[in-house]
Amino acid sequence: ERARFQAMATELELQSYAQELEETNRRLEDANQMKDRFLSIASHELKTPVTTIRGQAQLMLRRISRHKDLEHMDGVATTLERINDQTGRLTTLIDELLDVSSIRTGKAALNRRLCNVTALCREVVEDQRLLTERMVLLDAPPEPVTLKLDVDRFSQVMTNLVSNAIKYSPDDTPVEVSIKPGARCVLFSVRDHGRGIAKDQQERVFETFYRTPDAQTSSKRGLGLGLAITKDIVERHNGRIWCESELKKGSTFYVELPVSPSP
Ligand code: ADP
């Protein structure tokens, strides 16, 4: 009789635990959805005024450069340049937040078409060279390599990897990009000779909002979203991304994309 009573009590206890767990899960889900909605609304609302401010600053800069008599307004031009640069940075951050919010809500669709990835990588390398005045080298086979992919998204992948390599390595070291086509996959790599990433952080850098402790304390700014977005884009192309790195020696990020896009 006693054993039966105990069994009943345990069952009742378990039932109440299960109910509690269900309730906690539901609340967590609600909070998560609210956070995603907030992320999406806040970034959309921020985007319009920032774009407007940037556009106005650029317009003023163009006007000033056209009128010789406005040359005495030298200080104004410098101020406008700074507004342009800083709002440019803000735009990049807002775009990252918008990308993350569309990843979370599963809204990001791909627009695939056949593309010469050698030319695309050359363009990314050239843009980053001009922007940062760093040595960025490209090692690719002479014949074009073509893949069916979302051109804008893939360009974002390569830009993120190359700009990180530049950001986290000393100014006097090169960044090396390579393309190696295979029978079933194409392997892209971006190598730097920078600070490197510790073993236990090499997977974590692909998590949203994750930054290594030394990046957090350095002057290199960022939200820790670029690699999470990059990983999402690569995986939606049925590809893989990973990194190999040694502290104080440098890092290499690899992206492998299948030649045939089917999963
Ligand atoms: P962000 O650069 O904005 O912080 P990312 O998602 O691009 O965000 O990168 C996440 C973190 O991974 C960075 O904060 C940095 O700690 C680390 N990281 C990324 N690329 C490199 C690299 N090439 N060398 C060393 N650390 C890197």
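This passage describes the ligand site of a predicted model, followed by three residues in its helices H1 and H2.

The ligand is a good place to begin. It sits in the largest pocket of the model, where 21 residues surround it. The closest of these are Asn164, Tyr168, Arg211, Thr212 and Leu227. Three elements, namely helix H4 (151-167), helix H6 (226-236) and strand S7 (250-258), each supply at least two residues of this shell. Helix H4 gives the largest share, with 3 residues.

Polar contacts to the ligand come from both side chains and backbone. On the side-chain part, an N or O atom of Arg211 lies 2.6 Å from an oxygen atom of the ligand. The side chain of Thr212 likewise places an N or O atom 2.6 Å from a ligand oxygen. Leu227 takes part through its backbone, with an N or O atom 2.8 Å from an oxygen atom of the ligand. With the protein in place, 97% of the 540 Å² of accessible area that the ligand has on its own is covered.

Attention now turns to helix H1, which spans residues 2-66 and holds Ser43. Ser43 has a relative accessibility of 1% and therefore counts as buried, the cut-off being under 20%. A polar atom of the Ser43 side chain lies 2.3 Å from the backbone oxygen of Leu39. Beyond its neighbours within four places in sequence, Ser43 is in contact with Ile94, Leu97 and Leu98.

Helix H2 runs over residues 74-104 and includes Thr91. The relative accessible area of Thr91 is 18%, so this residue is buried as well, under the 20% limit. Setting aside residues up to four places away in sequence, Thr91 touches Lys47, Val50 and Arg54.

Thr78 also has its place in helix H2. Is Thr78 buried, exposed or partly exposed? Its relative accessibility is 46%, and because partly exposed covers the range between 20% and 50%, Thr78 falls into that class. A long separation in space can also be noted here: the C-alpha atoms of Thr78 and Glu22 are 58 Å apart, while the two residues are 56 residues apart along the chain.

Terms used:
Residues numbered from 1 in each chain as written. Predicted model: local features only at pLDDT ≥ 70, side-chain atom pairs only at ≥ 80, totals over all residues. Heavy atoms only, no water. Helix = DSSP H or I, 4+ residues; strand = E, 2+ residues; numbered from the N terminus. Buried < 20%, exposed > 50% of the residue type's maximum accessible area, 1.4 Å probe, protein only. Contact = heavy atoms within 4.5 Å. Near = heavy atom within 4 Å. Polar contact = N/O pair within 3.5 Å; in protein donor to acceptor, adjacent residues only side chain to side chain. Areas by Shrake-Rupley, 256 points an atom, 1.4 Å probe, with all protein chains shown as cover. 1 Å grid on protein atoms, 1.4 Å probe; cavity = no way out; pocket = protein on both sides within 12 Å on 5 of 7 lines; lining within 4 Å. Sits in = over half its atoms within 2 Å of the grid points.
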